[in-house]
Amino acid sequence: MPALSDRTFNPGAWAKLGVVSLGLGALAGLVWLSMWAHERYVEVPHLLAQRFDDPPGHVGDSTTRISHLGPLALPTLLADLDGSDPAHRSKALELLSTIKDERVVPALGRALKDKDVGVQLAAISGLARTGLASAAQQLWTALERTDDLTRLRATIALGLCGTHADAQRLLTELKKADGTDRAAMAWAAGRIERRIAHGDVHGYLRAAPVATSPEEARRIQDEIDAVRVALDAGKDVAAQASMLSELTDLDYATWDYGHQMAAQLLALGGPLALHAAGGADALAPPKPTERHLELPAR
């Protein structure tokens with residue numbers, strides 16, 4: 001143990017220690033800066049170059065990684081919306097809808113006017129995926145269209161991102177609709193209110209149970225038919241809308257919202273109608289691409 005009179009650790013030694021500490025700090029900063037620069041200027045551009053490897057509606061490693069880039073991917077994806085390839089525009093919209101940024105919803109809304117119907121459907125799916133009230137505002141314009149494809153899909157999308165005000169408007173508007181339009185509006189309104197009842201307007205709802213026997217399918221079909229008759233008669237519309245959602249909801253804890261929303265329209269007809277349209281095959285979402293992400297070695 002050094003004596004109390006030891007003076008070897010003098011101010012000069014402290015100064016040397018400070019210089020060494022500053023040097024180590026600078027070295028650590030350079031290491032961090034080099035890693036940041038490599039990620040920003042090497043890995044990110046290489047990853048974005050693979051953004052179209054997974055086709056629209058499919059998710060693989062590149063899709064997942066690009067989604068996690070967040071705002072770093074926005075300039076590239078927004079520029080893609082002006083591209084000539086509809087499949088690329090659709091994939092860009094799909095990726096954009098997973099990023100939380102104030103520029104996303106307006107971009108998805110503008111894509112509703114794209115000249116390609118497939119891109120319009122991708123925009124509708126993207127708006128639904130965001131789960132934002134501002135997305136619901138964009139979707140209302142599509143409910144005024146004359147083509148069934150985008151109008152009905154947009155109605156289903158409202159059920160996935162709408163608020164209480166949207167639900168009330170749907171319950172009012174459905175009185176002027178009929179057939180599948182009325183059922184879709186009722187389902188959307190019912191699903192919104194059920195999400196709110198669970199305490200979170202963007203909350204996850206469990207899918208309706210799938211019939212395991214012909215007898216159970218017949219029972220569920222009868223219940224759905226009764227609900228739709230009541231809706232057509234205008235009886236207790238809010239309660240019937242909630243019941244229709246409870247009886248027919250599909251699982252939306254999946255990547256391909258477009259597929260699920262299309263299948264949802266079939267499910268509104270009941271299990272027997274769904275069976276006639278392809279049954280379980282109509283509900284099965286696309287399988288993952290199982291493509292492996294390729295990044296350059298460090």
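## Aromatic pairs

Two rings of Phe, Tyr or Trp (for Trp, its six-membered ring) count as a pair if their centres lie within 6.5 Å. Keep in mind that you're looking at a predicted model. Search the whole structure with that rule and two aromatic pairs turn up.

Let's start with W187 and Y252. Their ring centres are 6.4 Å apart and the planes meet at 45°, which makes this pair tilted. W187 belongs to helix 10 (residues 179–197), while Y252 sits in the loop between helix 12 (237–248) and helix 13 (257–267), so the pair ties together parts that are 65 residues apart in sequence.

The other pair is Y252 with Y257. Here the centres are 5.8 Å apart and the planes stand at 65°, so this one is edge-to-face. Put the ring pairs together and you get a cluster of W187, Y252 and Y257.

## Buried or exposed?

Are Y252 and Y257 buried or exposed? Both of these tyrosines are buried. Y252 has a relative accessible area of 5%, and W187 is buried as well, because its relative accessibility is 0% and the cut-off for buried is under 20%.

## Charges over rings

Now for two arginines that sit over tryptophan rings. The charged end of R129 is placed over the ring of W255, 4.9 Å from the ring's centre. R169 does something along those lines with W140: it lies over the face of that ring, at 3.8 Å from the centre.

## One face of helix 2

Helix 2 covers residues 61–69, and its buried residues are S62, T63, I66, S67 and L69. Why do they line one face of the helix? Look down the axis of helix 2: the buried residues fall within an arc of 150°, so they end up along one face.

Right after helix 2 comes G70, and this glycine takes a positive phi of about 65°.

## A closer look at T63

T63 is part of helix 2. With a relative accessible area of 0%, T63 is buried.

Which residue's side chain does T63 join through a polar contact of 2.7 Å? The partner is D54, and the contact runs from side chain to side chain. Leaving out residues up to four places away in sequence, T63 touches D54, H58, K91, L95 and W255. You've met one of those already: W255 is the residue whose ring has the charged end of R129 over it.

Technical notes
Residues numbered from 1 in each chain as written. Predicted model: local features only at pLDDT ≥ 70, side-chain atom pairs only at ≥ 80, totals over all residues. Heavy atoms only, no water. Buried < 20%, exposed > 50% of the residue type's maximum accessible area, 1.4 Å probe, protein only. Helix = DSSP H or I, 4+ residues; strand = E, 2+ residues; numbered from the N terminus. Arc of directions from axis to C-beta. Phe/Tyr/Trp six-rings, centres within 6.5 Å; stacked < 30°, edge-to-face > 60°. Lys NZ or Arg CZ within 6 Å of the ring centre and 35° of its normal. Polar contact = N/O pair within 3.5 Å; in protein donor to acceptor, adjacent residues only side chain to side chain. Contact = heavy atoms within 4.5 Å.
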